[in-house]
Amino acid sequence: MSKGVLLVNLGSPDSTKVSDVRKYLDEFLMDSRVIDMPYLSRALLVKGIILRTRPKKSAAAYQKVWTPEGSPLIVHSRKLTEKVQAQVTIPVRMAMRYGNPSIASAIASLAQEGITELFLMPMYPQYAMSTTETIEVLTQKILRKKYPHIQLTSLPPFYDQPEYVRILVSSIKEYHRENEYLLFSYHGIPERHIHKSDVTHSHCQIDGSCCNTPSPAHAYCYRHQCYALTEAVAQELKLDKDTYSVSFQSRLGRDPWLQPYTDATLEALAKKGIKQLSVVTPAFVADCLETLEEIAMEGKETFLEHGGTDYHCIPCLNERDDWSQVVAQWIQKWQGY
């Protein structure tokens with residue numbers, strides 16, 4: 001049996017041109033696991049409303065973070081893939097759920113190398129239907145249609161893996177100062193996604209207690225996994241309860257999303273008298289628009305405007321050597337080493 005690996009992240013437009021951003025947003029927002037509405041309603045919302053104005057605004061935001069090498073997310077993902085490839089003996093490819101390089105093109109490349117087993121590695125520490133699930137579903141669809149002989153194994157969410165927690169803690173220590181408040185800002189999702197992912201159909205109430213009550217639902221509960229990771233990191237860093245908190249960023253639309261919201265939290269912390277703040281974004285393993293523009297730029301502006309004085313956005317793991325080593329170790333474990 002010949003094996004291959006596919007590292008997958010969210011995606012990015014091909015350039016900062018409005019036309020490329022519109023194409024990317026169309027693919028992204030028309031995914032039924034991102035905006036989980038009936039097709040016609042989703043098309044009316046996305047194509048009839050969002051794509052009329054958002055591409056221009058998003059293009060301007062991408063221009064703020066774009067590098068000479070291209071999209072930060074693509075650049076970091078490529079460098080990580082190269083480092084991982086140097087440590088393993090089987091072919092490793094990277095892909096994006098939306099945009100390029102596509103999952104279909106990456107699988108085609110691996111198939112040309114004769115693989116019969118695929119290790120799919122969604123680069124998300126926590127499970128969500130709009131991240132891990134949509135990647136797995138699309139990969140399965142492609143394999144069934146074109147490569148039914150290829151067996152699929154997926155990396156589970158790794159928010160609770162000690163080696164991942166250790167590296168995240170190390171990365172925070174490099175930037176977080178002892179006297180700074182630490183905010184864990186996770187990407188937000190609609191509350192309804194939590195309920196839809198609840199395999200018990202009753203446990204997840206988003207009431208402040210369900211995430212701390214053991215349940216099979218936790219294997220698919222994004223909110224639980226965010227708080228569990230936060231507590232694991234806080235314990236390793238020996239943080240006092242009043243020196244850190246959790247918030248959720250990047251909400252879209254009018255429906256309730258996970259709270260508290262990051263922008264409101266940044267304002268509230270500053271008004272409360274917190275002067276020095278570090279923000280870490282553990283829903284992401286690679287820096288992207290949401291970390292570089294929304295948190296590092298807009299977040300800093302919000303915090304300073306309302307009374308804060310020092311603000312630091314902690315980089316994601318990106319292509320750190322210790323992170324690439326762990327990814328390689330997970331691959332080797334799958335290989336049976």
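Helix H10 (residues 289-305) lies across strands E5, E6, E7 and E8 and runs at about 170° to E8. Here helices (H or I, at least four residues) and strands (E, at least two) are DSSP runs numbered from the N terminus, contact means heavy atoms within 4.5 Å, and axes are lines fitted to C-alpha atoms, for helices over the stretch in contact, with angles from 0 to 180 degrees between N-to-C directions. The model is predicted, so that local features need pLDDT of at least 70 and side-chain atom pairs count only at pLDDT 80 or more, while totals for chains, interfaces and linings use all residues. Residues are numbered from 1 along each chain as its sequence is written, and side-chain values use heavy atoms, with hydrogens and water left out.

The sheet under H10 is open and consists of four strands in the order E6-E5-E7-E8, with parallel pairing; two strands pair if DSSP finds at least two bridges between them. Its edge strands are E6 (244-249) and E8 (310-313), each of which pairs on one side only. From one strand to the next the twist averages 25°. Strand E5 (residues 181-187) is joined to E6 by six bridges in the parallel sense, and Tyr186 stands opposite Phe248 in E6. Helix H9 (residues 262-271) also lies across E5, E6, E7 (276-280) and E8, and its direction is at about 165° to E5.

Another open sheet is formed by four strands in the order E2-E1-E3-E4, again with parallel pairing. Strands E2 (92-99) and E4 (151-154) stand at the edges with a single partner strand each, so one side of each has no neighbour in the sheet. Neighbouring strands of this sheet are turned by 30° against each other on average, direction ignored. Helix H4 (residues 103-112) packs on the sheet, where it touches E1 (3-12), E2 and E3, and its direction makes about 160° with that of E2. Strand E3 (residues 117-122) and E4 run parallel and are joined by four bridges. In this pairing Glu117 stands opposite Gln151 in E4, and Phe119 is opposite Thr153 in E4. The chain passes from E3 through H5 to E4 in a right-handed β-α-β crossover (right-handed if, with the strands pointing away from the viewer, the path from the first strand over the helix to the second runs clockwise).

The axes of H4 and H5 (residues 129-146) come within 10 Å and cross at roughly 50°. H4 is therefore oblique to H5; angles under 35 degrees count as roughly parallel, over 145 as roughly antiparallel, 65 to 115 as roughly perpendicular and the rest as oblique. The crossing of H4 with H5 is right-handed (left-handed if the near helix is turned anticlockwise from the far one by less than a right angle, right-handed if clockwise). Ile103, Ala104 and Ile107 of H4 are in contact with Ile135, Leu138, Thr139, Ile142 and Leu143 of H5. By class, this contact has seven nonpolar residues, one polar and no charged, where Ala, Val, Leu, Ile, Met, Phe, Trp, Tyr, Cys and Pro count as nonpolar, Asp, Glu, Lys and Arg as charged, and the others, Gly among them, as polar.

Helix H6 (residues 162-173) has contacts with H8 and with H11. The axes of H6 and H8 (residues 222-237) come within 10 Å and cross at roughly 60°, which makes H6 oblique to H8. H6 passes H8 in a right-handed crossing. Tyr164, Val165, Leu168, Val169, Ile172 and Lys173 of H6 make this contact with Leu229, Ala232, Val233, Glu236 and Leu237 of H8. Nine of these residues are nonpolar, none polar and two charged. The axes of H6 and H11 (residues 321-335) also come within 10 Å, crossing at roughly 175°, and the two helices are therefore roughly antiparallel. Glu163, Tyr164, Arg166 and Ile167 of H6 meet Asp322, Trp323, Val326 and Trp330 of H11; five of the residues in this contact are nonpolar, none polar and three charged.

Most residues other than glycine have a negative phi, and most peptide bonds are trans. The peptide bond from Asn100 to Pro101 is cis, with omega near -5°, and Pro101 is in the loop between E2 and H4. Gln259 and Pro260 are likewise joined by a cis peptide bond, with omega about 5°; Pro260 is in the loop between E6 and H9. Ile206, in the loop between H7 (191-196) and H8, has a positive phi near 50°. Asn318, in the loop between E8 and H11, has a positive phi of about 50°.
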